[in-house]
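Biologist: I should like to go through the assignments in this model one by one. Please set each value against its definition before drawing a conclusion.

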There are 2 protein chains.
Amino acid sequence: MRKKSKSQKVYDYIEELVISSEIKPGERLPSEAKLGEILNVSRVSVRAGIEKLSAIGLVSKKKGGGTYVNKPKNENYLSVFTPTLLHNTDYLEMMEVRRALDSLSVQLCAKNISEAGVKKLGEIIEHMEHIQSDLDFFDLDKKFHLLISKHSKNRFLHNIHIIIWDVLQKTLRSKYNTVTSSDSHKERIDEHKRIYEAIVGKDEDLARIYTVRHLERIIDTFVCEYNEAYHEAKEQETKK
Amino acid sequence: MRKKSKSQKVYDYIEELVISSEIKPGERLPSEAKLGEILNVSRVSVRAGIEKLSAIGLVSKKKGGGTYVNKPKNENYLSVFTPTLLHNTDYLEMMEVRRALDSLSVQLCAKNISEAGVKKLGEIIEHMEHIQSDLDFFDLDKKFHLLISKHSKNRFLHNIHIIIWDVLQKTLRSKYNTVTSSDSHKERIDEHKRIYEAIVGKDEDLARIYTVRHLERIIDTFVCEYNEAYHEAKEQETKK
DNA sequence: TGATAAAAAGTTGTATTATAGATTATGTTA
DNA sequence: TAACATAATCTATAATACAACTTTTTATCA
């Protein structure tokens, strides 16, 4: 077994403190000097470990002030995505996952949603009727589906949905728009309306069916467009 | 505008080098000393910057060898989301999500798995027969289900599975053991064996059914034990 | 007594220097 | 040419010092 590095020792120690809630979000870590004392390592190693934790967004450092445990917000973590580029296939894989997760969340949502939640959901549908740009639709679409996952009352599921939509927004926004813009406004709004009404009627199965259908339509549309683009590219290739 | 820290300067410089492909994946970065010279900062600052890049998986360090640019794999970046999920986790909620995702991945796996993959899966089953401790079982269980999700050929799905098992290992290991240890060894191994055989037979539906049944049994067992513990606690309460 | 300003203490950021441990390159020898 | 020893290179860790910034305490004055 390979020996753990000193900085990893620090990393694990602090992570454990956070996991076990000994240090809660917003609270301050022991100072670097103190941590070095506790773990019997130099301040250099302590800093290296904390640097990593800060890079993945678990803690934030304030010069002169101390190091604090972050509140769990995805914005903190998204910055690391800049160097990545997601490809077409990634989009399809992601939607396949959504099909599985959304069908679960909408099911739970239909069972657990409150009156207030239903009202909010209705307002989003209302807004959808009056959108101007595809960008607006993306935001409403995101709000709609995240509201559903929120009312699934499964926080873990909701967190994963938040991650998925953040990644979507960050990396695939343009692609997503090409998909949604190609079909008629009315159709995609109707799809959401059907899901909404199934939720209102507390019909878990129906809500799930409409959701799966909604996602499969998006996937199909994308695959078709992708193939067209693929064939066009091929034609251009043969022309040469 | 706030002044950039030295370590951030290093971070940005290297990130730019990688994005502009001046240093391609697999290639080595200039040494810490050289980078410090180029950017006119001390080696400490260089190290801090590189430490961050290493934490988000853009580069890897080899003691004595140098620092290398990683191949751009999404799993490197998705892992940064683990901290978000560490907060507010609940075992049952996680297993509910697993039920949805595992049923998808096992389905895809049965369709796409290679001969070599089947063989590896069989070896894990073989190992399960000879385990001694529950800790070993956790590792094999993890390997088994991650191998399945890997052969689903959906990388996004696989990445989420990796995160889930990471969170499971970090937060719920003790709990998980209490669940698995209460039922007989034979039963839980048989469950995996059934899933394995369905995969071997390329029977997608059967594999999915056995997987769902497997997870629901775990959930049920946990709920029962939880209720028992809950009632015991209540009894103790009333005694007082 | 309360408010304000100054001082002190605490904390992170950067720099320098030194040594240890690991890998890679070099050169020598058989 | 191949094998082995050696040197050079590089990262890991450490100790120390000081700068920059924040928080807390203390002192002063109204």
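Biologist: What makes the contact of Lys193(B) with Glu129(B) a salt bridge?

Modeller: A salt bridge is a side-chain nitrogen of Lys or Arg within 4 Å of a carboxyl oxygen of Asp or Glu. The closest N and O atoms of Lys193(B) and Glu129(B) are 3.0 Å apart, so the pair meets the definition. This salt bridge links distant parts of the chain, 64 residues apart: Lys193(B) lies in helix 11 (residues 185–200) of chain B, and Glu129(B) in the loop between helix 7 (115–128) and helix 8 (134–150). Helices (H or I, at least four residues) and strands (E, at least two) are DSSP runs, numbered from the N terminus.

Biologist: On what basis do these values rest, and what conventions apply?

Modeller: This is a predicted model, in which local features need pLDDT of at least 70 and side-chain atom pairs count only at pLDDT 80 or more, while totals for chains, interfaces and linings use all residues. Residues are numbered from 1 along each chain as its sequence is written, chains are lettered from A and ligands numbered from 1 in the order in which they are written, and side-chain values use heavy atoms, with hydrogens and water left out.

Biologist: Why is Lys193(B) called partly exposed?

Modeller: Buried means under 20% relative accessible area, exposed over 50%, and partly exposed in between (1.4 Å probe, protein chains only). Lys193(B) has 26% relative accessibility and therefore counts as partly exposed; Glu129(B), at 41%, is also partly exposed.

Biologist: What joins Arg155(B) to Glu93(A)?

Modeller: Their side chains meet in a salt bridge, 3.5 Å from N to O. Arg155(B) lies in helix 9 of chain B and Glu93(A) in helix 5 (residues 88–112) of chain A, so the pair joins two chains. Arg155(B) is partly exposed at 43%, whereas Glu93(A) is buried at 11%.

Biologist: How do you know that the span of helix 9 of chain B agrees with its length?

Modeller: The expected span is 1.5 Å times one less than the number of residues. For the 17 residues of helix 9 (residues 155–171) this gives 24 Å, and the end C-alpha atoms are 24 Å apart, so the two agree. Among the buried residues of this helix are Phe156(B), Ile160(B) and Trp165(B).

Biologist: Where do Asp190(B) and Lys186(B) lie?

Modeller: Both are in helix 11 of chain B, four residues apart, about one turn of the helix. Their closest N and O atoms are 2.8 Å apart, in a salt bridge. Asp190(B) is partly exposed at 22%, and Lys186(B) is exposed at 57%.

Biologist: Which residues come nearest to DNA strand C?

Modeller: A residue is near a strand if one of its heavy atoms lies within 4 Å of it. Of the 23 residues around DNA strand C, those that come nearest are Glu32(A), Arg47(A), Lys6(B), Ser42(B) and Ser45(B). Sugar and phosphate account for 69% of the atoms of DNA strand C that come within 4 Å of the protein.

Biologist: What makes the approach of Lys6(B) to DNA strand C a polar contact?

Modeller: A polar contact is a pair of N or O atoms within 3.5 Å; within protein, one must be able to donate a hydrogen and the other to accept it, and residues adjacent in sequence count only if both atoms are side-chain atoms. A polar backbone atom of Lys6(B) is 2.6 Å from a phosphate oxygen of DNA strand C, so the distance satisfies the cut-off.
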